[in-house]
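Colleague: I should be grateful for a close look at one part of this protein and at how that part relates to the rest of the chain. Please choose a single helix and proceed from there.

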Amino acid sequence: MAEKAEKKDKDSRDMPEFTKEQILASARFNTHRDLVEALLDPKKKYTMETVDEAMKEYLKGQVK
C-alpha cells in the first residue's frame, strides 16, 4: 500500500507544473476558463491532472 502512495508521489513530481496564468492561457481549458479562474490560487502551481481533478470534484458537487 505504501508503495502505491510513494509511486504516485514520484509520478506527480515528474509532471510539469504550471501557474494559474499559464493554465488560463492554454487551449485545453478554454471552454472552462471561468471555472479555472475561480478554483485556482494564483500563488500556487498545478499539474494538468490536478486541475482536471479540481474541476471534476467541483462539477460533481450538489446544487443547494
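Modeller: What follows examines helix α4, beginning with the chain as a whole and ending with the charged pairs. Please bear in mind throughout that this is a predicted model.

The protein chain contains four helices and two strands. Along the sequence these elements follow the pattern α-β-α-α-β-α. Of the 64 residues in the chain, 20% are buried. The accessible surface comes to about 5,600 Å², and carbon and sulfur atoms account for 51% of that area. Among contacts between residues at least 6 apart in sequence, 40% join residues that are at least 24 apart.

Helix α4 spans residues 48–60, and Thr 50 lies within it. The loop between β2 (45–46) and α4 holds Thr 47. The side chains of Thr 47 and Thr 50 are joined by a polar contact of 2.6 Å. The two partners may be described separately: Thr 47 is buried, with a relative accessible area of 6%, whereas Thr 50 is partly exposed, at 38%. Thr 47 counts as buried because its relative accessible area of 6% is under the 20% limit for that class. Thr 50 may also be placed relative to an earlier part of the chain: Thr 50 and Glu 17 are 33 residues apart in sequence, and their C-alpha atoms are 9.5 Å apart in space.

We may now turn to the nonpolar side chains. In soluble globular proteins, nonpolar side chains tend to be buried together. The largest nonpolar core in this model has ten residues in all: Ile 23, Leu 24, Phe 29, Leu 35, Val 36, Leu 40, Tyr 46, Met 48, Val 51 and Met 55. Helices α2 (20–25), α3 (33–39) and α4 are the elements that give two or more residues to this core. The most comes from α4, which gives three residues. One member of the core, Ile 23, illustrates the connections: leaving aside residues up to four places away in sequence, Ile 23 touches Phe 18, Phe 29, Val 36, Leu 40, Tyr 46 and Val 51.

The charged pairs complete the picture. A search of the whole structure finds three salt bridges. In one of them, the side chains of Asp 52 and Arg 28 meet at 2.4 Å, N to O. This pair links distant parts of the chain, with Asp 52 in helix α4 and Arg 28 in the loop between α2 and α3, 24 residues apart. Asp 52 is partly exposed, with a relative accessible area of 29%.

Another salt bridge joins the side chains of Glu 57 and Lys 60, at 3.4 Å, N to O. Because Glu 57 and Lys 60 are three residues apart in helix α4, about one helical turn separates them. Glu 57 is partly exposed, with a relative accessible area of 45%, while Lys 60 is exposed, at 56%.

There is also a salt bridge between Lys 20 and Glu 37, whose closest N and O atoms are 3.2 Å apart. Here too the pair links distant parts of the chain, since Lys 20 belongs to helix α2 and Glu 37 to helix α3, 17 residues apart. Lys 20 is buried, with a relative accessible area of 6%, whereas Glu 37 is partly exposed, at 39%.

Methods. Residues are numbered from 1 along each chain as its sequence is written. This is a predicted model: local features need pLDDT of at least 70, side-chain atom pairs count only at pLDDT 80 or more; totals for chains, interfaces and linings use all residues. Side-chain values use heavy atoms; hydrogens and water are left out. Buried means under 20% relative accessible area, exposed over 50%, partly exposed in between (1.4 Å probe, protein chains only). A polar contact is a pair of N or O atoms within 3.5 Å; within protein, one must be able to donate a hydrogen and the other to accept it, and residues adjacent in sequence count only if both atoms are side-chain atoms. Contact means heavy atoms within 4.5 Å. Accessible areas come from the Shrake-Rupley method with a 1.4 Å probe; for residues, only the protein chains shown count as cover. A nonpolar core is a set of buried Ala, Val, Leu, Ile, Met, Phe, Trp, Tyr and Cys residues joined through side-chain atoms within 4.5 Å. A salt bridge is a side-chain nitrogen of Lys or Arg within 4 Å of a carboxyl oxygen of Asp or Glu.
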